[in-house]
Amino acid sequence: MKKLSKGAFLLRKGEQMSIEGQLQEQTRTRVREPKRYHVIMHNDDFTPMDFVVLLLEQIFHKEEPEAVRLMYMVHRSGKAAVGIYPYDIAVTKVQAGMSMARAQGYPFRLTVEEVG
């Protein structure tokens with residue numbers, strides 16, 4: 001234990017300090033990482049490819065080459081994961097994408113799936 005100033009002490013890892021006759025032990029709090037979720041885009045026969053690229057650029061902040069690559073993955077495979085986020089952010093991105101599609105009259109669909 002190292003004395004810093006009047007009444008203040010610096011404890012080294014594992015040291016204990018008694019206060020008024022009681023022994024107090026330092027504890028560590030573990031912070032868990034939030035669960036992660038995939039945002040999945042689903043292909044349909046009505047939504048134009050250019051719109052999907054625009055959505056990937058505006059909502060998911062993808063650069064154009066990455067947006068085009070993801071759009072083709074959705075088109076060829078029927079669906080593709082376009083990002084991994086904590087739940088609240090994933091749901092917000094899905095809602096924003098669905099709203100953008102509905103405003104343009106497209107039936108485009110996005111969903112959220114837990115990673116793992």
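Which residues are buried in α1? In this predicted model, they are F51, V52, V53, L55 and L56. Several elements cover them, including β5, α2, β6, α3 (87-103) and β7 (109-114).

Step back to the whole chain. The chain holds three helices and seven strands. From the N terminus on, the order is β-β-β-β-β-α-α-β-α-β. Of the 116 residues, 26% count as buried. Contacts often span long stretches of sequence: among those between residues at least 6 apart, 61% join residues at least 24 apart.

Now turn to helix α2. It takes in residues 64-77, 14 residues in total. From first C-alpha to last, α2 reaches 20 Å, close to the 20 Å expected at 1.5 Å a residue. Four of its residues, A67, L70, M71 and V74, are buried. Why do they share one side of α2? They cover an arc of only 105 degrees around the axis, which puts them on the same side of the helix. The general geometry is familiar: an α-helix has 3.6 residues a turn, so residues three or four places apart point the same way. On the other side of α2, P65, R76 and S77 are exposed.

What does the buried side of α2 pack against? The partners are β5 (36-42), α1 (49-58) and β6 (79-86). The packing of α1 tells a matching story, as α2, β5 and β6 are among the elements that cover its buried residues. After α2 comes G78. The phi of G78 is positive, near 95 degrees.

A second positive phi sits in a loop. H61 lies between α1 and α2. Its phi is about 55 degrees, although H61 is not a glycine. Most residues other than glycine have a negative phi, and most peptide bonds are trans. H61 counts as exposed because its relative accessibility is 62%, and the cut-off for exposed is over 50%.

Next, look at the loop between β5 and α1, where D44 is placed. D44 is buried yet has no salt bridge. Which side chain of opposite charge is nearest to D44? That is R102, at 7.0 Å. A salt bridge needs a nitrogen within 4 Å of a carboxyl oxygen, so R102, at 7.0 Å from D44, does not make one. The polar partners of the D44 side chain are found on the backbone. The backbone nitrogen of F46 lies 2.8 Å from a polar atom of the D44 side chain. That side chain also reaches the backbone nitrogen of T47, at 2.6 Å. Leaving aside neighbours within four places in sequence, D44 is in contact with P107 and F108.

How many salt bridges does the structure hold? There are three. One of them joins the side chains of K35 and E114, at 3.7 Å from N to O. This pair links distant parts of the chain. K35 is in the loop between β4 (22-24) and β5, while E114 is in strand β7, 79 residues apart. K35 counts as exposed, at 53% relative accessibility. E114 counts as partly exposed, at 46%.

Strand β7 takes part in another bridge, through E113. The side chains of K79 and E113 meet at 3.9 Å, N to O. This pair also links distant parts of the chain: K79 is in strand β6 and E113 in strand β7, 34 residues apart. Both ends are partly exposed. K79 has 43% relative accessibility, and E113 has 34%.

The bridge between E66 and R69 belongs to helix α2. Their closest N and O atoms are 2.8 Å apart. How are E66 and R69 separated along the helix? Being three residues apart in α2, they are separated by about one helical turn. E66 is partly exposed, with a relative accessible area of 29%. R69 is partly exposed too, at 42% relative accessibility.

Return to α2 with these pieces in hand. A67, L70, M71 and V74 are buried and pack against β5, α1 and β6. P65, R76 and S77 are exposed on the other side. E66 and R69 form a salt bridge.

Terms used:
Residues are numbered from 1 along each chain as its sequence is written. This is a predicted model: local features need pLDDT of at least 70, side-chain atom pairs count only at pLDDT 80 or more; totals for chains, interfaces and linings use all residues. Side-chain values use heavy atoms; hydrogens and water are left out. Helices (H or I, at least four residues) and strands (E, at least two) are DSSP runs, numbered from the N terminus. The expected span of a helix is 1.5 Å times one less than its number of residues. Buried means under 20% relative accessible area, exposed over 50%, partly exposed in between (1.4 Å probe, protein chains only). The arc is that of the directions from the helix axis to the C-beta atoms. Contact means heavy atoms within 4.5 Å. Lys and Arg count as positive and Asp and Glu as negative; His and the chain ends are not counted. A polar contact is a pair of N or O atoms within 3.5 Å; within protein, one must be able to donate a hydrogen and the other to accept it, and residues adjacent in sequence count only if both atoms are side-chain atoms.
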